[in-house]
Amino acid sequence: MKLKFMGLLIIAAMIGCTGCKTSQATKATDAAKPDATRTVMIGTRTLTVTGAVIVKYDSDAFYYKKQCLECGYVAEKQIGSTISNGASTINSDFTCPKCANKQTVKIVVN
Ligand SMILES: [Zn+2]
């Protein structure tokens, strides 16, 4: 009689635990994160942009703002660069004032 009672308790415990594994432990989505690398076409030139957004451009110059790849924060400061005839690369460090993420801003002009 006592053993049977114990068995029922174990079964009850097992049923009670059904759904234990389906907790709300969903990972934070990466939806807020901007794309790490974007490609921008300026005429016949291709800009491969990482950690920045191109705000405006014309045939021989472009302007960009640094952007945090973690939280999407875009820096206030606008930086201009000329498009030279040959391929060139801009490399710059950026520390996000919002989330303190450190990253490299890279713009490759081809
Ligand atoms: Zn950030």
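Student: What share of the 110 residues in the protein chain is buried?

Tutor: Buried residues make up 13% of the protein chain. Please keep in mind that this is a predicted model.

Student: How do you know how confident the predictor is in the protein chain?

Tutor: The pLDDT, a score from 0 to 100, averages 83 over the protein chain. A score of at least 70 is reached by 71% of the residues.

Student: Which residues have a pLDDT that stays under 50?

Tutor: Residues 22–27 do, and the model gives them zero contacts beyond four places in sequence. Where pLDDT is low, the predicted coordinates should not be read in detail.

Student: Which elements does the protein chain have, and how do they run from the N terminus on?

Tutor: There are one helix and seven strands, in the sequence α-β-β-β-β-β-β-β.

Student: What makes S1-S2-S7-S6 an open sheet, and which are its edge strands?

Tutor: Those four strands form an open sheet in that order, with antiparallel pairing. At the edges are strand S1 (37–42) and strand S6 (88–95), each of which pairs on one side only. From one strand to the next, the twist averages 15°.

Student: How do you know that S1 and S2 pair?

Tutor: The cut-off is at least two bridges, and S1 and S2 are joined by six, running antiparallel. Therefore the two strands count as paired. One of the matches sets Thr 37 against its bridge partner Thr 50 in S2. S1 and S2 also form a hairpin with two residues between them. In that turn, Gly 43 has a positive phi of about 60°.

Student: And what makes S2 and S7 a pair?

Tutor: The test again asks for at least two bridges, and S2 and S7 have four in the antiparallel sense. Leu 47 stands opposite Val 109 in S7.

Student: Which residues make up the largest nonpolar core?

Tutor: The eight residues are Leu 47, Val 49, Ala 52, Phe 62, Tyr 64, Val 105, Ile 107 and Val 109. Two or more of them come from each of strand S2 (45–50), strand S4 (61–66) and strand S7 (102–109). S7 gives the most, with three residues.

Student: What is Tyr 64 in contact with, leaving aside its neighbours within four places in sequence?

Tutor: Tyr 64 is in contact with Ala 52, Val 53, Ile 54, Val 55, Ile 79 and Ile 107.

Student: Why is Ile 42 called partly exposed?

Tutor: Ile 42 has 16 C-beta neighbours inside 10 Å. A buried residue needs 20 or more, and an exposed one has 12 or fewer. The count for Ile 42 falls in between, so the residue is partly exposed. Ile 42 is in strand S1, and the count of buried residues among the six residues of S1 is zero.

Student: What does Ile 42 contact beyond four places in sequence?

Tutor: Ile 42 is in contact with Leu 47, Tyr 57, Phe 62 and Ile 83. The C-alpha atoms of Ile 42 and Phe 62 are separated by 8.9 Å, with the two residues 20 apart along the chain.

Student: Why is Ile 83 partly exposed?

Tutor: Ile 83 has 17 other C-beta atoms within 10 Å. That count lies between the exposed limit of 12 and the buried limit of 20, so Ile 83 is partly exposed. Ile 83 lies in the loop between strand S5 (79–82) and S6. Ile 83 touches Ile 42, Arg 45, Asp 60, Ala 61, Phe 62 and Val 109, not counting residues up to four places away in sequence. From Ile 83 to Phe 62, C-alpha to C-alpha, is 7.2 Å.

Student: Why is Ala 100 called exposed?

Tutor: Ala 100 has 10 other C-beta atoms within 10 Å. Exposed calls for 12 or fewer, so Ala 100 qualifies. Ala 100 sits in the loop between S6 and S7, and has a positive phi near 65° although it is a residue other than glycine.

Student: Which strands form the open sheet of three?

Tutor: S3-S4-S5 is the order, and the pairing is antiparallel. Strand S3 (52–57) and S5 are the edge strands, and the twist averages 35° from one strand to the next.

Student: How do you know that S3 and S4 pair?

Tutor: S3 and S4 have five bridges in the antiparallel sense, and at least two are needed. Therefore S3 and S4 are a pair. In this pairing, Val 53 stands opposite Lys 65 in S4.

Key
Residues are numbered from 1 along each chain as its sequence is written. This is a predicted model: local features need pLDDT of at least 70, side-chain atom pairs count only at pLDDT 80 or more; totals for chains, interfaces and linings use all residues. Two residues are in contact if their C-beta atoms, placed from the backbone, lie within 7 Å. A nonpolar core is a set of buried Ala, Val, Leu, Ile, Met, Phe, Trp, Tyr and Cys residues joined through C-beta atoms within 7 Å. Axes are lines fitted to C-alpha atoms, for helices over the stretch in contact, and angles run from 0 to 180 degrees between N-to-C directions.
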